[in-house]
Amino acid sequence: MTDEKIENVVSGEEPFLGALDIALLVILIAGGTWYFTRNRTKPEEQGRTYSIQPTTVSTAAVTENSFIKKLKASGRSLVVFYGSQTGTAEEFAGRLAKEGIRYRLKGMVADPEECDMEELLQLKDIANSLAVFCLATYGEGDPTDNAMEFYEWITNGDADLTGLNYAVFGLGNKTYEHYNKVAIYVDKRLEELGATRVFELGLGDDDANIEDDFITWKDRFWPAVCDNFGIEGSGEEVLIRQFRLLEHNDVQLDRIYTGEVARLHSLQNQRPPFDAKNPFLAPILINRELHKGGNRSCMHIELDIEGSKMRYDAGDHVAMYPINDKDLVEKLGLLCNADLDLVFSLINTDTDSSKKHPFPCPTTYRTALTHYLEIAAIPRTHILKELAEYCSDENDKQFLRSMASITPEGKEKYQSWVQDACRNIVHILEDISSCKPSIDHVCELLPRLQPRYYSISSSSKLYPTKVHITAVLVQYKTPTGRLNKGVATTYLKAKNPEEGEVKVPVFIRKSQFRLPTKPEIPIVMVGPGTGVAPFRGFIQERQHLRDEGKQVGESILYFGCRKKSEDFIYEEELGEYVEKGTLTLKTAFSRDQEKKIYVTHLLEQDADLLWRVLGENNGHFYICGDAKNMAVDVRNILVKILKTKGNMSEPDAVQYLKKMEAQKRYSADVWS
């Protein structure tokens with residue numbers, strides 16, 4: 001009723017509607033309200049419990065980045081931050097937060113990129129509060145992308161963190177020079193800012209057994225935490241599901257994820273900018289074999305990035321999202337007695353978590369196992385512990401439990417039966433027949449399928465709309481007689497553009513692996529096997545500059561492979577650069593003579609040349625390839641040359657190399 005009609009009623013004038021009319025109108029309004037409320041209440045209640053929204057970040061989630069508010073609202077005192085590039089640090093953080101319940105420390109996992117990290121100053125206001133940092137070191141001693149802002153904040157700021165209780169676990173690889181640099185620095189810096197270290201820094205080595213390192217550390221970490229806060233553990237570990245299952249019977253087809261990384265329909269409706277959460281579907285133009293013989297395969301692949309607005313420089317990486325082998329997916333479905341085409345969602349039981357699902361949901365089990373989960377990886381011990389509960393045979397149960405234990409016998413058994421035998425989840429379920437886990441729990445336990453990174457083997461000066469990849473097909477027989485296949489290279493091998501248009505989801509990752517800004521500076525490149533990939537781009541670029549009439553410094557490439565007649569990749573191309581005077585090529589074919597010759601032998605023989613280029617002419621040195629042996633050997637040879645030819649002591653030679661690194665004159669793009 002309007003204000004005017006109300007005035008008429010109150011003043012005693014004859015109303016526009018009679019009493020009966022008003023009564024009928026009230027009944028109609030009440031009835032209509034009840035009808036609409038009734039029809040909308042059920043779905044809304046179901047929505048609160050079961051409705052799954054696409055995994056895009058809403059405006060509310062962006063503005064609500066206060067982890068302190070979340071801790072206080074949910075009665076928690078433990079927050080575990082992660083700096084993760086491949087998902088391992090995030091997985092470890094989740095396990096720590098989950099275990100906190102056993103020690104009366106209800107915890108939550110937090111991505112520092114999504115939090116206001118200055119709130120660390122307020123954490124002391126919460127009783128028995130503790131911040132744990134699981135931080136991976138990435139690249140040349142850098143923090144991961146999601147931990148970069150936090151790293152810069154504690155580096156450049158001088159916040160008073162007095163009263164903050166903390167602990168740090170680092171994830172690194174000893175084959176790299178800057179082993180766990182980020183975790184070591186954060187642990188030291190937090191103490192400098194006044195925070196209290198509750199337990200010693202943990203260092204995980206991915207070259208050995210990072211799972212073992214983590215378990216050993218956390219099993220000493222929890223008693224120290226209990227002592228610090230005067231609390232007691234609740235005894236036996238209780239296995240708790242982090243996600244609950246919701247199976248969908250009537251979800252609309254256009255709301256189901258079919259392999260998208262984040263945004264629903266992003267692979268069908270492509271729009272820039274393209275990045276890790278929004279990859280570009282790049283057509284493969286060429287996929288040709290580089291090896292001329294032997295039983296191995298090396299692919300040269302050319303991707304079309306025209307129209308993507310993606311840019312790259314020689315030395316950058318292209319990341320590709322692969323999919324798992326279809327046969328392996330089918331086998332896993334059978335072993336779990338699963339209907340792979342069933343649509344489901346896994347929903348985080350922690351409603352305060354920013355991570356509502358472990359991967360995009362809703363989706364089918366087939367899609368999850370094909371696009372989202374690492375089913376070919378070697379399972380970590382916590383997965384074995386959970387699988388043990390699904391064994392109907394007591395011996396099988398005890399066997400899995402023992403391998404998940406921290407006893408020397410258990411560790412040895414895990415090393416030999418799982419790691420050395422290269423058993424993935426499918427192999428384990430095949431060999432332990434009484435273990436029949438639910439498919440949804442398997443999907444919860446397995447880590448996310450990660451993009452694979454390749455050094456770009458082309459120059460954008462020559463190929464602005466193309467990206468070249470050089471990749472060896474990974475296949476090997478395991479001690480159990482199985483044939484294990486590399487996820488990404490097997491996927492790429494099957495992508496034949498001659499059979500029709502084929503596309504792969506990719507994005508560009510920038511690198512610090514760069515040519516000198518002045519082209520006249522001489523360079524030395526060491527790249528055996530596919531380690532030659534970025535140097536192909538370097539040489540292309542230098543040839544392009546020469547063709548433009550620019551002065552270009554000496555370019556020396558050390559390349560090695562097994563046999564010249566079989567795996568000398570890009571032989572003709574490199575030969576042309578030599579003929580044009582752009583390249584000096586030094587080759588080592590390890591199996592073409594009785595005594596094996598490697599690039600390291602050539603470097604030792606060329607001590608005078610290397611000293612002239614690096615010591616006298618301030619040249620740049622690059623290495624790409626195996627981090628574990630080759631890269632370490634090359635570095636040691638350089639130290640030796642600096643000592644003998646540069647008349648330096650060992651400490652001075654080591655310092656000279658470090659100075660070269662700081663000046664970007666020594667760069668490594670290596671993997672283990």
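Residues 24 or more positions apart account for 75% of the contacts in the chain with a separation of 6 or more. Keep in mind that this is a predicted model. The chain has 672 residues, and 51% of them count as buried. Its secondary structure comes to 23 helices and 23 strands.

For a concrete case of a contact between distant parts of the chain, have a look at Ile256. You'll find Ile256 in the loop between β8 (243-248) and β9 (280-289). Pro362 is 106 residues away from Ile256 along the chain, yet the C-alpha atoms of the two are separated by 5.3 Å. Pro362 isn't alone there: once residues up to four places away in sequence are set aside, Ile256 touches Val251, Leu264, Val343, Pro362, Thr363 and Thr364. Although Ile256 belongs to a loop, it counts as buried because its relative accessibility is 8%, and the cut-off for buried is under 20%.

Now for the sheets. One of them is an open sheet of six strands, with antiparallel pairing and the order β14-β11-β18-β9-β10-β15. So β9, the strand that follows the loop of Ile256, is part of this sheet. At the edges stand β14 (452-455) and β15 (466-472); each has a single partner strand, so one side of each has no neighbour in the sheet. On average, neighbouring strands here are turned by 40 degrees against each other, direction ignored. To see how the β14 edge is held, follow strand β11 (residues 317-320), which runs antiparallel to β14 and is joined to it by four bridges. Along that pairing, Val318 stands opposite Tyr454 in β14.

Further along the chain there's another open sheet, this time with parallel pairing: five strands in the order β21-β20-β19-β22-β23. Its edge strands are β21 and β23, each of which pairs on one side only. The average turn between neighbouring strands of this sheet is 10 degrees, direction ignored. Helix α21 (residues 607-616) packs on the sheet, where it touches β19 (523-526), β20, β21 and β22, and its direction makes about 135 degrees with that of β20.

Take the two edges in turn. At one, β20 and β21 pair in the parallel sense over six bridges, and the bridge partner of Cys561 in β21 is Phe589. At the other, strand β22 (residues 620-626) pairs with β23, again in the parallel sense and over six bridges. Here Gly625 has Val670 in β23 as its bridge partner. Being an edge strand doesn't leave β23 (residues 666-671) bare: five of its six residues are buried, and the strand is mostly covered.

This sheet also leads you to the second largest pocket, which holds about 790 Å³ of space. There are 27 residues lining that pocket, and the closest to its centre are Arg296, Pro528, Gly529, Gly560 and Arg562. As for secondary structure, the elements that give two or more residues to the lining are β20 (555-561), α20, β22 and α22 (630-645).

What does the record say about this region? In an unreviewed entry, UniProt lists Arg296, Thr530, Ser590, Arg591, Lys596, Ile597, Tyr598, Val599, Thr600 and Asp633 under "binding site". The lining of the second largest pocket takes in Arg296, Thr530, Ser590, Arg591, Lys596, Ile597, Tyr598, Val599, Thr600 and Asp633 from this set.

Two of the listed residues deserve a separate visit. Lys596 lies in the loop between β21 (584-589) and α20 (599-605), and Ile597 lies in that loop too. Are they buried or exposed? Lys596 counts as partly exposed because its relative accessibility is 42%. Ile597 is partly exposed as well, with a relative accessible area of 32%. Both values fall between the cut-offs, since buried means under 20% and exposed means over 50%.

Their contacts fill in the picture. Leaving aside neighbours within four places in sequence, Lys596 is in contact with Ser590, Arg591 and His601. Of these, Ser590 and Arg591 are also on the UniProt list. Ile597, with residues up to four places away not counted, touches Ala588, Phe589, Ser590 and Leu602. Among them is Phe589, the β21 residue that bridges to Cys561, which takes you from the loop back to the edge of the parallel sheet.

Technical notes
Residues are numbered from 1 along each chain as its sequence is written. This is a predicted model: local features need pLDDT of at least 70, side-chain atom pairs count only at pLDDT 80 or more; totals for chains, interfaces and linings use all residues. Side-chain values use heavy atoms; hydrogens and water are left out. UniProt positions are given in the numbering used here, feature names are shortened, and annotations may be inferred rather than shown by experiment. On a 1 Å grid over the protein atoms alone, a cavity is a set of points where a 1.4 Å probe fits but cannot get out, and a pocket is an open set with protein on both sides within 12 Å along at least five of seven lines; lining residues have an atom within 4 Å of a point. Buried means under 20% relative accessible area, exposed over 50%, partly exposed in between (1.4 Å probe, protein chains only). Contact means heavy atoms within 4.5 Å. Two strands pair if DSSP finds at least two bridges between them. Axes are lines fitted to C-alpha atoms, for helices over the stretch in contact, and angles run from 0 to 180 degrees between N-to-C directions. Grid points are joined across faces, edges and corners, and a volume is the space filled by probe spheres set on the points.
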